[in-house]
Amino acid sequence: MVDSAPEVKPTPAGPAGGQVTFVQGTALYVGAVLGTGAIALPALAARAAGPASLLAWLGMVLMSIPLAATFAALGSRYPDSGGVSTYVRRAFGDRLAALVGWCFYLTVPPAMAAAALFGGAYVASATGGGGATVVGTAALLIATVTIANAFGLRVSGRLALLLAGVLATLLLVAAITALPYARWDNLQPFAPYGWPAVATAAALLVWSFSGWEAMTHLSADFRRPARDIPRTTAAAVAIVGVLYLTVAAASIAVLGAAAGESNAPLADLLAIGLGGPSRVIAAAAAVLLTLGVMNTYQAGAAKLGAALGRDAALPRWLSPGAASGEVPLRSVLVVAAFAGAALAGVALLGNADPEPLVLLTTGAFMTVYVLGAAAAVRLLPRRSPGWVSAFVSMLAAVALLATIGRYLLWPLGLAGACLLYLYLDARPAGVARHPPPG
């Protein structure tokens, strides 16, 4: 089976040869977790639960602690570029490792469409456009990254990290400049949609907190993995948690009920705090960030699809481009076609709402986290701190899966389709019918 899977957030490449330091690792980790969710999820969460969505944000930050600790323990003990796929293979074999690959590959298209809609919403906010502007911009973003990947162009690790730095700066500026306009009354009523709505908001927020597994792919590149990975993880959890909680609190306290109605909450906060051309600045930053994230999504997924085809976990027709340095053109086009179909499906609903796509993606992410945490429970020394973190993470991930309702059919369908495909293929998982193309 494949040795790696694409990340759901951009993971800049670190220095080779075991040279990643604590400071570099922290920056890379924050860059891997911060992404397009920060520009849109505060509004979606507020729409779902009102001011009580702050409890969902806090809950996701707290859940991040054992989850990040789990992957830190795995990365320290088994440094390998294969990440979650490697751990699942070690613990449960090739078939479930193939399922990890399917979850990533077939969930990247709706994730791309959702990210494109996030960027489109900021363009619409800056130009005064409506749903047509949102969908049209999203389609243009998908086409742009597809053309780039068809020609083998990539967003460099340094540029991806720079984009994450720009986002972090915008988040802080937006929150700090808008906070003087906060009103206590905006927190009332605190739970207008009932307390169960907090769980719904938490399911949406998985998007913003995905990426804790990302650094496992760089674990072998750390100068001192056993010491630096846990420290890096702790620092990243603190930084990301503070950023997200600050922006979420500012969105609720400043925008009030309008927080759940906004398609561009970061632009709204900047407009209140700074005025002037802040919406245009926010739109430009959102488009650049979205392009960077989508490029990483599609590039990683396309390469994974080619590898899955090479290794018989998907049709061999996808295998060209699996070798290092080659462009997996067929897989690029398949990902683009599915992303376009996901965007069209949302557009046909008439509201350009990315929420269904976010929840589809959440289901697949949490499936990967359940499998990764379960693998850690099996691989790590029993009752060690890492094992306890893995056990807690596994229970929390299962609980979150239960909150996504009908969207749970997506990961269940992927699991069934993957196992059925491997069964009908009549070959042992991970064994190709023909040698990989040279």
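The accessible surface of this protein adds up to about 16500 Å², and carbon and sulfur atoms own 68% of it. Keep in mind that you're looking at a predicted model. The fold is built from 15 helices and zero strands. Of the 438 residues, 58% are buried. Among contacts between residues at least 6 apart in sequence, 83% join residues at least 24 apart.

**The nonpolar cores**

- The largest nonpolar core has 140 residues, and the members that touch the most other members are Ile-39, Tyr-105, Met-112, Tyr-122, Trp-207 and Trp-212.
- Helix α5 (residues 94-127) gives the most to this core, chipping in 19 residues.
- Apart from this core lies another one, of five residues, with Val-20, Leu-28, Phe-222 and Ile-229 among them.
- Tyr-122 has plenty of company beyond its neighbours within four places in sequence: it is in contact with Ile-39, with Asn-263, Ala-264, Pro-265, Leu-266 and Ala-267, and with Ala-282, Ala-283 and Ala-286.

**Gly-101 in α5**

- Gly-101 lies in helix α5, and it counts as buried because its relative accessibility is 2%, under the 20% cut-off.
- Not counting residues up to four places away in sequence, Gly-101 touches Leu-304 and Leu-308.
- Gly-101 and Ser-85 are 16 residues apart along the chain, and their C-alpha atoms are separated by 7.3 Å.

**Gln-298, a buried polar residue**

- You'll find Gln-298 in helix α11 (residues 278-310).
- Is Gln-298 buried or exposed? Its relative accessible area is 0%, so it is buried.
- The Gln-298 side chain makes a polar contact of 3.1 Å with the side chain of Asn-149.
- Leaving aside neighbours within four places in sequence, the residues in contact with Gln-298 are Val-108, Met-112, Val-145, Thr-146, Asn-149, Val-332, Val-335 and Ala-336.
- Two of the residues above come up again elsewhere: Met-112 is one of the best-connected core members, in that it is listed with those touching the most other members, and Val-332 is among the buried residues of α12.

**Helix α8: bent and enclosed**

- Helix α8 (residues 196-209) has 14 residues and reaches 20 Å from its first C-alpha to its last, close to the 20 Å expected at 1.5 Å a residue.
- There is a bend in α8 of about 30 degrees, at Ala-203.
- Why call α8 largely enclosed by the rest of the structure? Because 11 of its 14 residues are buried.
- The buried residues of α8 include the run Ala-201, Ala-202, Ala-203, Leu-204, Leu-205, Val-206, Trp-207, Ser-208 and Phe-209.
- After α8 comes Gly-211, with a positive phi near 120 degrees.

**Helices α9 and α12**

- The 31 residues of α9 (residues 225-255) should span 45 Å at 1.5 Å a residue, and the end C-alpha atoms are 43 Å apart, so the two values agree.
- Gly-256 follows α9 and has a positive phi, near 65 degrees.
- α12 has 20 residues and reaches 28 Å from its first C-alpha to its last, close to the 28 Å expected at 1.5 Å a residue.
- The buried residues of α12 are Ser-331, Val-332, Val-334, Val-335, Ala-336, Ala-339, Ala-342, Leu-343 and Val-346.
- What covers those buried residues includes α5, α6 (131-150), α11 and α13.
- Gly-350 comes after α12, and its phi is positive too, near 90 degrees.

**Backbone oddities to look at**

- Most residues other than glycine have a negative phi, and most peptide bonds are trans.
- What is the peptide bond from Gln-188 to Pro-189, cis or trans? It is cis, with omega near -10 degrees, and Pro-189 is found in the loop between α7 (157-178) and α8.
- Ala-312 isn't a glycine, yet it has a positive phi of about 75 degrees. It lies in the loop between α11 and α12 (329-348) and counts as buried, at 6% relative accessibility.
- Arg-383, also not a glycine, has a positive phi near 70 degrees. It lies in the loop between α13 (355-379) and α14 (385-401), and it counts as exposed because its relative accessibility is 64%, over the 50% cut-off.

Key. Residues are numbered from 1 along each chain as its sequence is written. This is a predicted model: local features need pLDDT of at least 70, side-chain atom pairs count only at pLDDT 80 or more; totals for chains, interfaces and linings use all residues. Side-chain values use heavy atoms; hydrogens and water are left out. Helices (H or I, at least four residues) and strands (E, at least two) are DSSP runs, numbered from the N terminus. Buried means under 20% relative accessible area, exposed over 50%, partly exposed in between (1.4 Å probe, protein chains only). A polar contact is a pair of N or O atoms within 3.5 Å; within protein, one must be able to donate a hydrogen and the other to accept it, and residues adjacent in sequence count only if both atoms are side-chain atoms. Contact means heavy atoms within 4.5 Å. The expected span of a helix is 1.5 Å times one less than its number of residues. Accessible areas come from the Shrake-Rupley method with a 1.4 Å probe; for residues, only the protein chains shown count as cover. A nonpolar core is a set of buried Ala, Val, Leu, Ile, Met, Phe, Trp, Tyr and Cys residues joined through side-chain atoms within 4.5 Å. The bend at a residue is the angle between axes fitted to the seven residues ending there and the seven starting there.
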